[in-house]
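Visitor: I would like a close look at the salt bridges of this chain, taken pair by pair, with attention to where the partners sit and how open they are to the surroundings. Could you take me through them slowly?

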Amino acid sequence: MHFFTNALLFRSSSLQLCRSFSTGKVIMDAGKRAAARYAVDNFVKDNQVLGIGSGSTIMFAVERIAERVKDEKMNLLCVPSSFQAQQLITQYKLHLTDLDRHPELDVAIDGADDVDSDLNVIKGGGGCLTQEKIVASCAKQFVVIADDRKDSKQLGESWKKGIPVEVIPMAYVPVMKKMEKLGLKPVLRMAKAKAGPVVTDNSNFIVDCLFDKVYDWKELNTQLNLIPGVVETGLFIEMVECAIFGKEDGSVNRR
């Protein structure tokens, strides 16, 4: 009898957990969609070359771009920042191009893991930080979009997983030792659906640098990039022109 009672209680609590998770996802998606649509409607114009970022929020942006291309007969070219972005561009039948043909972009739109009051950004939760930063650096305007959970006064308030850094595989151990000397707590990111570490689109590793204080982010970014073996960091400093945060009610904050 106790077995069946416990089983029913477990099932009930599991269903409540699933409902809570589902409700939370719907709320987050509403914010992401609001930010994405605002960015596309206010920054994307006809005859532009666009940089397309990566991540869950970008899916809503590409969806809106495709709607406008169809409804307004817009002529747009899209440069992806990852394999995922390339798939989205192809899926929505947008015109795919690259930086070889179009090294100068009009606008780049991408998601963010954390944004502080000075528009410093942490990116790379999805592991695409190097290509994302290259694409963003080629754009006249770089716009980040996110739900309002990512809106912070200081980096690290919302995002607790550290600063992602892409590292050459052979160098990850000495690189992590040098990161520790900067006061960081580096952790090699491990894959969830395969044995071993996460491997980027560039066949490198990701080291997540946990931190417990506010740094001079520009200086830290420079120090990390000077470590031999570091390819790029997930700190986007003095790059963002505008950050758009979507709320669950469909409104947005723009900074």
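Guide: A term is needed before the first pair: a residue is called buried when its relative accessible area is under 20%, exposed when that value is over 50%, and partly exposed in between. The model shown here is a predicted one, and the values that follow are computed from it.

Side chains of opposite charge can pair when their charged atoms come close. Counted with a cut-off of 4 Å between a side-chain nitrogen of Lys or Arg and a carboxyl oxygen of Asp or Glu, the salt bridges come to 14.

One of them pairs R37 with E67, whose closest N and O atoms lie 3.3 Å apart. This pair links distant parts of the chain, since R37 belongs to helix 1 (residues 2-43) and E67 to helix 2 (residues 56-72), with their positions 30 residues apart in sequence. R37 has a relative accessibility of 27%, so it counts as partly exposed, and E67, with a relative accessible area of 28%, is therefore partly exposed as well.

A second pair is formed by K140 and D106, where the closest N and O atoms are 3.6 Å apart. Here again distant parts of the chain are linked, K140 lying in strand 7 (residues 139-147) and D106 in strand 4 (residues 105-111), 34 residues apart. K140 is classed as exposed because its relative accessibility is 62%.

Strand 4 also supplies a partner to the pair of K123 and D110, for D110 is in that strand while K123 is in the loop between strand 6 (121-122) and helix 4 (129-137), the two being 13 residues apart. In this salt bridge the closest N and O atoms are 3.2 Å apart. K123 has a relative accessibility of 3% and so counts as buried, and D110, at 2%, is buried because that value also falls under 20%.

The salt bridges need not be read as isolated pairs: through shared partners, R37, D41, R64 and E67 are joined into one network. The pair of R37 and E67, with its closest N and O atoms 3.3 Å apart, thus brings us back to helix 1 and helix 2, where these two residues are found.

Definitions and conventions: Residues numbered from 1 in each chain as written. Predicted model: local features only at pLDDT ≥ 70, side-chain atom pairs only at ≥ 80, totals over all residues. Heavy atoms only, no water. Helix = DSSP H or I, 4+ residues; strand = E, 2+ residues; numbered from the N terminus. Buried < 20%, exposed > 50% of the residue type's maximum accessible area, 1.4 Å probe, protein only.
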